[in-house]
Structure formats: structure tokens, C-alpha cells
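Visitor: Please take me closely through the enclosed cavities of this protein, with attention to what kind of residues surround them.

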Amino acid sequence: MGRTRFKKSPFRILFIVLVTASLCSMAVSGCGGNSTSAKSMDAQANLEKVLTKGVKPNEMGMVMVLEYHRVAEKESNFIRSIDNFKKDLETLYQKGYRLVTFHDLMTGRISVPAGTTPVVFTFDDSTLSQIDYIQQGGKTVLNPDCALGMIQAFHKQHPDFGYTSLFNVMPEMFDQAKYKKDKLDYLTSHGFEIGNHTLTHPLMSKLTDQQVQTEIAGLAKDVKGLDPKLNINILCLPYGSEPQNKALMFNGSADGTTYHNNWALLVGSDPFYPMYHYKNPGQVIPRVQVMDYDVVKGTGADGSGYWLRYFDRHPENKFVSDGNPDTICAPAYMQARLLPKNLPKGVTWLGY
Ligand SMILES: [Zn+2]
């Protein structure tokens, strides 16, 4: 309704916006500050600007947490080829996806430009193919064909793509013992995130309560040994297998180490709705494995190729930002799907 009215009479809306904005600023200067209404007028003005550009924000739409394992020459099960990884970066960028941290996505603090869609990269198993240091001309440098090397190079060319990922680590941590701490320090000081992928990668459903806690606390302790300031609060379930006692994914202790996780990551397979949407996934979060979709053979139907195609065909179901992290902006009728209690502090609903 609001949008139709705006289309019919943009000048009337502009007039109302300007008058209210000036009244609002008078109120601000007159009574020593009414920042809430000033903020909401800014938000409204931003929305009008965005709509004028033809962008239809939908921050009630679905988002994806993408899942990578190894990156190598040849594409295979749980291996993304180097060529395809480079194509992924290009495709996502061209389709308007922008990298955000898992924490920002899950807490609704999403700061990407208007018209773009947040996406999270996750890498499991902390293999050398993800972060590889090599010697070149007497110097230690990042292998340009490891995952981080390719993300770094892409970010240099396209700074607005974002520069972050979640690495779900195991004790071997990228398979170069002498660089373990350097790699971890690089990640944490450059806005990357670390998740707990357990000590030995077991099927959690087969373990006793004690074993589950030993697996999770053990890895947490290992990482603390390298960086005492780092508090991991994301558990990445090996094979997506949940323990019998689900509470142990989030809280537990073993051998003097206590852990607390806010989220547990699955292995498959769908996009999901944000935390303030009534259909949100809670604390156990699905991920979309990165793989191509073959329409004829039907292979890869759970993967990123399928879902990217789905969102091309159903753009109305995709999260599209209004460029303002202080508002959740979407067509007015979607307000019925909002869980206001799940909105981050200071973030308000803005329908149109
Ligand atoms: Zn794994």
C-alpha cells in the first residue's frame, strides 16, 4: 500500500518527509535532543532514496551460510577446484552478494550497501588448502592458490566485496605446525572468525556425554593455548551430526575447560530466515554446500548452484539490504512475520 502511494505521488511524500524532518530537527535543537525521531526520519529518507533507485529492500528474506571444505586442482566430493573457487567469487560478486561475518548475520547487525545481499563463507577442517604459507624469494608469503590467497586477491580488486570468513578448525590447524599461531593471529586481527570443529572429527551422535564434552572442550583449550583472548562460541558439527544430549553442543566442560557456544552449524543444506523472522532456525544453523547444479542429471540439488539459480528466479525470497543497519526494512505486509523481541538493540522495523 505504502509503496503504491509513493509511486503515485512522490512529491507529496517528499514534502511530508522534508516538513517532518525540519520539525524533527527543530525538536532536536529545541529540547536538547530527540535522537530517536531524528534517526527514524533519516531512515525514512534513506528508504525513499533507495526506492527511487529501483531497489526493493527485503530484510525479511532468506540468507545463505556457504560451506567449503578443501580447495584443490580438481573438483570432487568436498573439494572445490581452484578455478571454480575463483568463479564463485566472481559470480557471487556479480549477483550482488557481499561477505559479512557469521556473528553479524546471526545477530541482525548487517551492514552491506543498499541492494546487496549478505553471505557468509565457512571453511571446515582447517586444511593446508585453505591457508598455505610458501617461500618465495626468501620470504614467507601466502600461496595465491589457497582459499585465503584467492579471497585476498579478489578483495584487492573488489574492496566492496568484503574480507571475512569463518574457519572451523581442528588441532592440526592448516597443517603447518610452525605457522599455526601466525595464521590464527592473522585471521583474528583481520576480522575473520574461528569456529570449533572438535578434536578428532567424530560422529557426535555415537558419543557419550563425557566424550562429547571432551571433543568440544579439548579444541577450545587447544585454541586458547595459542590465543588466550580468543573465545570461540560457534560449534561446527562434524558431518552435521548432533549429540544425543543436544544441550552439550552449547554448554559443557571437560578436563578443567568450560565452553559456551551460541550456535551449532549443520552440514546441509538450505538458506534460512534471519533471527527476527518467525521462521528463524534458532541456534542450529543450516549451511549450503558450495557445488554446481546440473539441471539435466539433477546433481548438486542441495548446493549453492541450485540456490543461486533459485534466488535468480525468486528474487522476492532473497534478503536485500536497505543499506541501513539500524532498520529492518521490508514490504509492509511482512511485518506480521517479524519477532520484535529478536530484533537487535536499537534496530527498528521499517515497512514500505
Ligand atoms: Zn569436517
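Guide: By class, the lining of the largest cavity consists of nine nonpolar residues, with no polar and no charged ones, in what should be read throughout as a predicted model. The residues that line this largest cavity are Val 63, Leu 105, Met 106, Ile 110, Phe 272, Tyr 273, Pro 274, Met 275 and Phe 319, and the volume they surround is about 50 Å³. Tyr 273 belongs to the nonpolar count because Tyr is classed as nonpolar here, together with residues such as Phe, Met and Pro.

A search of the whole structure, taking cavities of 30 Å³ or more, finds two of them, and the second largest has a volume of about 40 Å³. Its lining is made up of Glu 59, Gly 108, Ile 110, Tyr 276, Phe 319, Asn 324, Pro 325, Thr 327 and Ile 328, which divide by class into five nonpolar, three polar and one charged. The charged residue is Glu 59, and Gly 108 falls among the polar ones, because Glu counts as charged and Gly as polar in this scheme. Ile 110 and Phe 319 appear in the linings of both cavities.

As for the setting of these cavities, the protein has nine helices and 17 strands, and buried residues make up 51% of its 352 residues. Of the contacts in the protein with a separation of 6 or more, 64% join residues 24 or more positions apart, while the accessible surface comes to about 16,900 Å², with 55% of that area belonging to carbon and sulfur atoms.

Conventions:
Residues numbered from 1 in each chain as written. Predicted model: local features only at pLDDT ≥ 70, side-chain atom pairs only at ≥ 80, totals over all residues. Heavy atoms only, no water. 1 Å grid on protein atoms, 1.4 Å probe; cavity = no way out; pocket = protein on both sides within 12 Å on 5 of 7 lines; lining within 4 Å. Points joined across faces, edges and corners; volume = space filled by probe spheres on them. Helix = DSSP H or I, 4+ residues; strand = E, 2+ residues; numbered from the N terminus. Buried < 20%, exposed > 50% of the residue type's maximum accessible area, 1.4 Å probe, protein only. Contact = heavy atoms within 4.5 Å. Areas by Shrake-Rupley, 256 points an atom, 1.4 Å probe, with all protein chains shown as cover.
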